[in-house]
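Pull up the model and keep the sequence beside it. We'll walk from a backbone oddity to the ligand, then out through the salt bridges and the core.

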Amino acid sequence: MPKTRLRLAGALAAALVAAGLATGPAAQAQEHRPTLADLAQRHGRYFGSATDNPELTDSAYTKILGSEFDMITPGNGMKWYATEPRQGVFDWTDGDRIVNLARRHHQRVRAHTLVWHSQLPDWLSSKEWTAGELRAVLKKHITTEVRHYRGKVYSWDVVNEAFNEDGSYRETIWYKTLGPGYIADALRWAHQADPHARLYLNDYNIEAVGPKSDAYHRLAEELKARGVPLDGIGLQAHLALQYGYPATLEDNLRRFSRLGLDTALTEVDVRMQLPATDEKLAEQAAWYADLTEACLAVRRCVGVTIWDYTDKYSWIPAFFPGEGAALPWDERLTPKPAYSALLEALRQRTVT
Ligand code: XIL
């Protein structure tokens, strides 16, 4: 049977079990059914999900979040607007809630994110800063936040989305005021504040080999050569069926490994133009399996995180009008073909 067909047959069986439609021995098997995290762990990897504070009151949602994954990323709660809403006044409410929830479920946390151009508080983005002032603001923010979460998080996305599509530096408040050196500074300050956290640069559209991922490769090589504390590159992997699968993903992961860096797929979703059809959902399932297999094939790819696990709480419909259905569980929290495809991909490959 072709791989995709097998995946679809498995998809149906798993969906029935997950929907509680199976009885007898199958229902018993349900209790011991390995989760995505269980299977990822057999490869020395994790399987994670983002989550966000408003949805934590949904107990059907948190039940799956707490059982199926072993790594959690706060979707918003650790961003600048949430953590330093007024200059020098820090608020850990949202981030702490997610860290505590993760701890109760024995999950680790990928912390996200310290330096970004988006979701900044007004006091920061609406002012003209001198380089000296802004550098001090940045250092204080990084130092305070990373210290607060010291020992509680596995990794930090230290800088998020630093490059344009053509590989030039994005003209952010940080780049324009401080120059490209802000990246090395941010990594050093984060490392001082928590020497054990794995420090990442993270971006979208860097899954394939191309000008933007080349820029990261060059920068990473240079930072490593200068002894700057960089541990990994996060590939967000916000994919869309209409743009095609990034066929060079595995090669790309491998070239970062060769620099002595970890890689991770950090914000995976596979969106499509709505309405979703069986055909599109099958293609989506194959993409989820393929990107997981690419990670498993490269030794230093440490894990996969999906950008929340259910279409019920996906950011896609609000940001890409007319698109959606991007995650492995649907809006009713029922597993889609992508979920079974993930299980199968994680079951099949041997440890590399
Ligand atoms: C998104 C969140 O999911 C939304 O809730 C928020 O309104 C906007 O940001 N790349 C990132 C994430 O690094 O932080 C973004 O998260 C999605 C794109």
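A residue counts as buried when its relative accessible area is under 20%, and as partly exposed when that value falls between 20% and 50%. Keep that cut-off handy, and remember that this is a predicted model.

Let's begin with Ala-237, which sits in the loop between strand 6 and strand 7 (238-240). At 2% relative accessibility, Ala-237 is under the 20% limit and therefore buried. Its backbone is worth a look too: phi is about 60°, a positive value, although Ala-237 is not a glycine. Most residues other than glycine have a negative phi, and most peptide bonds are trans. Gln-119 is another exception, with phi near 50°. That residue lies in the loop between strand 3 and helix 7 (122-125), and with a relative accessible area of 31% Gln-119 is partly exposed.

Which peptide bonds are cis? One of them joins His-112 and Thr-113, with omega about 0°; Thr-113 belongs to strand 3 (residues 108-115). Another runs from Leu-274 to Pro-275, with omega near 5°, and Pro-275 is in the loop between strand 8 and helix 13.

His-112 also brings us to the ligand. There are 13 residues around the ligand, and His-112 is among those that come nearest, along with Asn-76, Lys-79, Asn-160 and Glu-267. Sorted by class, that shell holds four nonpolar, six polar and three charged residues. Now for some polar contacts with side chains. An N or O atom in the side chain of Asn-160 is 2.9 Å from a ligand oxygen, while the side chain of Glu-161 has an N or O atom 3.3 Å from a ligand nitrogen. Gln-236 places a side-chain N or O atom 3.3 Å from a ligand oxygen. Taken alone, the ligand exposes 420 Å², and the protein buries 83% of that.

From Gln-236 we can hop to Ile-306: the two are 70 residues apart in sequence, yet their C-alpha atoms are 9.0 Å apart in space. Ile-306 lies in strand 9 and is buried, because its relative accessibility is 0%. What does Ile-306 touch, leaving aside residues up to four places away in sequence? Its contacts include Phe-47, Phe-69, Val-268, Tyr-288 and Trp-329.

Strand 9 (301-306) also helps cover the buried residues of helix 12, as do helix 11 (211-225), strand 6 (232-235), strand 8 (262-273) and helix 13 (278-297). On helix 12 (residues 249-257) itself, the buried residues are Leu-249, Asn-252, Leu-253, Arg-255, Phe-256 and Ser-257. An α-helix has 3.6 residues a turn, so residues three or four places apart point the same way.

Last stop, the salt bridges, of which the structure holds 14. Side chains of opposite charge can pair when their charged atoms come close. Arg-271 and Glu-323 do so at 2.7 Å, N to O. Arg-271 is in strand 8 and Glu-323 in strand 10 (residues 323-324), so this pair ties together parts that are 52 residues apart in sequence. Both Arg-271 and Glu-323 are buried. Elsewhere, salt bridges with shared partners link Arg-198, Asp-231, Asp-262 and Arg-300 into one network.

Are the partners in the remaining examples buried or partly exposed? Asp-203 and Lys-212 meet at 3.4 Å, N to O; Asp-203 is buried at 0% relative accessibility, and Lys-212 is buried at 2%. Arg-226 and Glu-222 pair with their closest N and O atoms 3.0 Å apart. Here Arg-226 is partly exposed at 45%, and Glu-222 is partly exposed at 42%.

Methods
Residues are numbered from 1 along each chain as its sequence is written. This is a predicted model: local features need pLDDT of at least 70, side-chain atom pairs count only at pLDDT 80 or more; totals for chains, interfaces and linings use all residues. Side-chain values use heavy atoms; hydrogens and water are left out. Buried means under 20% relative accessible area, exposed over 50%, partly exposed in between (1.4 Å probe, protein chains only). Helices (H or I, at least four residues) and strands (E, at least two) are DSSP runs, numbered from the N terminus. Contact means heavy atoms within 4.5 Å. A residue is near a molecule or strand if one of its heavy atoms lies within 4 Å of it. A polar contact is a pair of N or O atoms within 3.5 Å; within protein, one must be able to donate a hydrogen and the other to accept it, and residues adjacent in sequence count only if both atoms are side-chain atoms. Accessible areas come from the Shrake-Rupley method with a 1.4 Å probe; for residues, only the protein chains shown count as cover. Ala, Val, Leu, Ile, Met, Phe, Trp, Tyr, Cys and Pro count as nonpolar, Asp, Glu, Lys and Arg as charged, and the others, Gly among them, as polar. A salt bridge is a side-chain nitrogen of Lys or Arg within 4 Å of a carboxyl oxygen of Asp or Glu.
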